[in-house]
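Okay, thanks for squeezing me in. I'll put the structure up and then we can walk through it together.

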Amino acid sequence: MSPYRTTTGLTTHAPQSESDLLPTWTRFAPFALVALALAVDLPTPGPFSGDVFLILSSMLAACVYSQRAVVGVALLNSVAGLLLLFWSHLSSGPGHAVIDYAAMLVLAWASVPLCRLRQTLRQRLQGARRVAESAQRAVLPPVRAWWGNTWIAVRYEAASAAAAVGGDLYAAEHTPFGVRLLIGDVRGKGLNSLPGVAALVGSFREAAHHTPTLPELARHLDAAVARHVREIAVVSGEEPSQSEQFTTAAIAQIPADGREVRLINRGHCPAFLVSEESLQVWEPEDPGLPLGLGELDTGPWADEVRPFGPGHLLLLCTDGLLEARDVEGRFYTPDEDLCQVWRHGPPAVVERLARAAHVHTDGVLTDDLALVAVTRVEQDQVSEASRRR
């Protein structure tokens, strides 16, 4: 397969099967409860009954097994209850024993419709999740992994477990001016930020092909964000001047015929530029105001230029990476991981940094995380990637 047909972007956020959500012990617990009922009841004299363990077995099976397996567990519990009835219960109190057994039968077999109800609700939830995820993928569609000898990889994780997309955003377009990349962070979190994400990404994907310079493109995006904020304020009945919505963003451009990268930063966190010589934290010389606040920044908007030849790697990220904290409140710094993995290419970089952020925060991301890594390779390396596929 040609490398130019591969894509990178959102990965599924939710487990695909129910077994991914359940601890392993739940698969064996229903049978362990049956064994416990027999082990406790049979040698125990008097009116003690192990039927309660058989009922728990059936109820737990309804929560974790398929309908066919639940029927099997209900049948097993019915036979086990019958064994206990004739072995010890009838001799100690026949009237109560028969009533207890009948109650156990009713509750054991009630697990079957409960299982069916659980499966129906889960199917509806999965359908709603697929629709939501498809809509979110339309907002942040996959991008081409290769444009010529430019290699891109994206990693995105929403802090909310209920969504694949949060307030962070990314986009990449191959334009007459080169490959243009956008990364940003809409103020706010979760699905409430999604309209702002859609407005900015849609505007970038169109304007990137027609705006000659990055400052002009940033001005265009600033106007798009301000217009979106005004429309949201009108719909919600607020005064536009009272709205505090804005978007931090960084826009990069890698010309097809040059050995440089251009970057304009509008209130966003720094980028990282890695090469054999050094790792540079690309702090903007003149950090601008976020998009949507352009009316307050009347000065000239300028981009910055750095060398970017084959073997260089540029990392754009959101503060979900740089502000990830451990239990002691220490921020994560990607320098060491970047130095170790950048030679393996953008996919390895974004995978390593995302995994490191999870480890640093003990698996709990409190903010959305977006990573865009891009490098330029020699043409023979592109041919080698094509052969591997």
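Let me start with a question: which residues does Arg155 touch, not counting residues up to four places away in sequence? The list is Val350, Glu351, Ala354, Leu369, Ala370 and Leu371. Keep in mind that this is a predicted model, so everything I say today is about a prediction.

Let's stay with Arg155 for a bit. Arg155 sits in strand β4, residues 150-157. Is Arg155 buried or exposed? Buried, because its relative accessibility comes out at 18% and the cut-off for buried is under 20%. And yet Arg155 is in a network of salt bridges, together with Glu157, Glu351 and Arg355. If you look at the side chains, there's a polar contact of 2.7 Å between Arg155 and Glu157, and another of 2.5 Å between Arg155 and Glu351. The general idea is familiar: side chains of opposite charge can pair when their charged atoms come close.

Okay, zooming out. The chain has 389 residues, and buried ones make up 48% of them. You get 10 helices and 13 strands. If you take the contacts with a separation of 6 or more, 73% of them are between residues 24 or more positions apart. As for the surface, the chain exposes about 19,300 Å², with carbon and sulfur atoms supplying 59% of that.

Back to charges. How many salt bridges does the structure hold? The count is 10. I'll pick out a few pairs.

Take Asp337 and Arg352, whose side chains meet in a salt bridge at 3.1 Å, N to O. That pair links distant parts of the chain: Asp337 is in helix α8, residues 335-341, and Arg352 is in helix α9, residues 346-360, with their positions 15 residues apart. Asp337 counts as buried, because its relative accessibility is 13%, whereas Arg352 counts as partly exposed at 23%.

Next, Glu260 and Arg262. They form a salt bridge, with the closest N and O atoms 3.4 Å apart. Glu260 is partly exposed at 25% relative accessibility, and Arg262 is partly exposed at 26%.

Then there's Glu328 with Arg330, a salt bridge at 3.3 Å, N to O. Here Glu328 is exposed, with a relative accessible area of 58%, while Arg330 counts as partly exposed at 48%.

Now the greasy stuff. In soluble globular proteins, nonpolar side chains tend to be buried together. The largest nonpolar core in this model has 49 residues. Which of them touch the most other members? Those are Ile152, Leu181, Leu182, Ile251, Leu314 and Leu316. Apart from that core lies another one, of 24 residues, including Ala153, Cys317, Ala354 and Leu365.

Let me click on Ile251. Leaving aside neighbours within four places in sequence, Ile251 is in contact with residues including Leu181, Leu182, Phe204, Leu214 and Leu217. Arg262 is also among the contacts of Ile251, and that's the Arg262 we just saw in the salt bridge with Glu260.

There's a nonpolar patch on the surface too. Val71, Leu75, Val79 and Trp109 form it, with about 350 Å² of accessible area together. Which helix gives the most to the patch? Helix α3, residues 67-92, with 3 residues. Leu75 is in that helix.

Two threonines to finish. Thr8 is in strand β1, residues 7-8, and counts as buried at 13% relative accessibility. Its C-alpha atom is separated by 5.6 Å from that of Ala145, and those two residues are 137 residues apart along the chain. Outside four places in sequence, the contacts of Thr8 include Pro142, Val143 and Ala145, and also Ile152, Ala153 and Val154.

The other one is Thr248, in strand β7, residues 247-254. Thr248 is buried as well, with a relative accessible area of 14%. What does the side chain of Thr248 make a polar contact with? The side chain of His268, at 3.0 Å. Again setting aside neighbours within four places, Thr248 is in contact with Ile183, Gly184, Asp185, Arg266, Gly267, His268 and Pro290.

That's my tour, so over to you for questions.

Technical notes:
Residues numbered from 1 in each chain as written. Predicted model: local features only at pLDDT ≥ 70, side-chain atom pairs only at ≥ 80, totals over all residues. Heavy atoms only, no water. Salt bridge = Lys/Arg side-chain N within 4 Å of Asp/Glu carboxyl O. Buried < 20%, exposed > 50% of the residue type's maximum accessible area, 1.4 Å probe, protein only. Helix = DSSP H or I, 4+ residues; strand = E, 2+ residues; numbered from the N terminus. Patch = residues over 30% accessible without salt bridge, like charges linked within 9 Å, V, L, I, M, F, W, Y side chains within 5 Å. Areas by Shrake-Rupley, 256 points an atom, 1.4 Å probe, with all protein chains shown as cover. Polar contact = N/O pair within 3.5 Å; in protein donor to acceptor, adjacent residues only side chain to side chain. Contact = heavy atoms within 4.5 Å. Core = buried A, V, L, I, M, F, W, Y, C linked by side-chain atoms within 4.5 Å.
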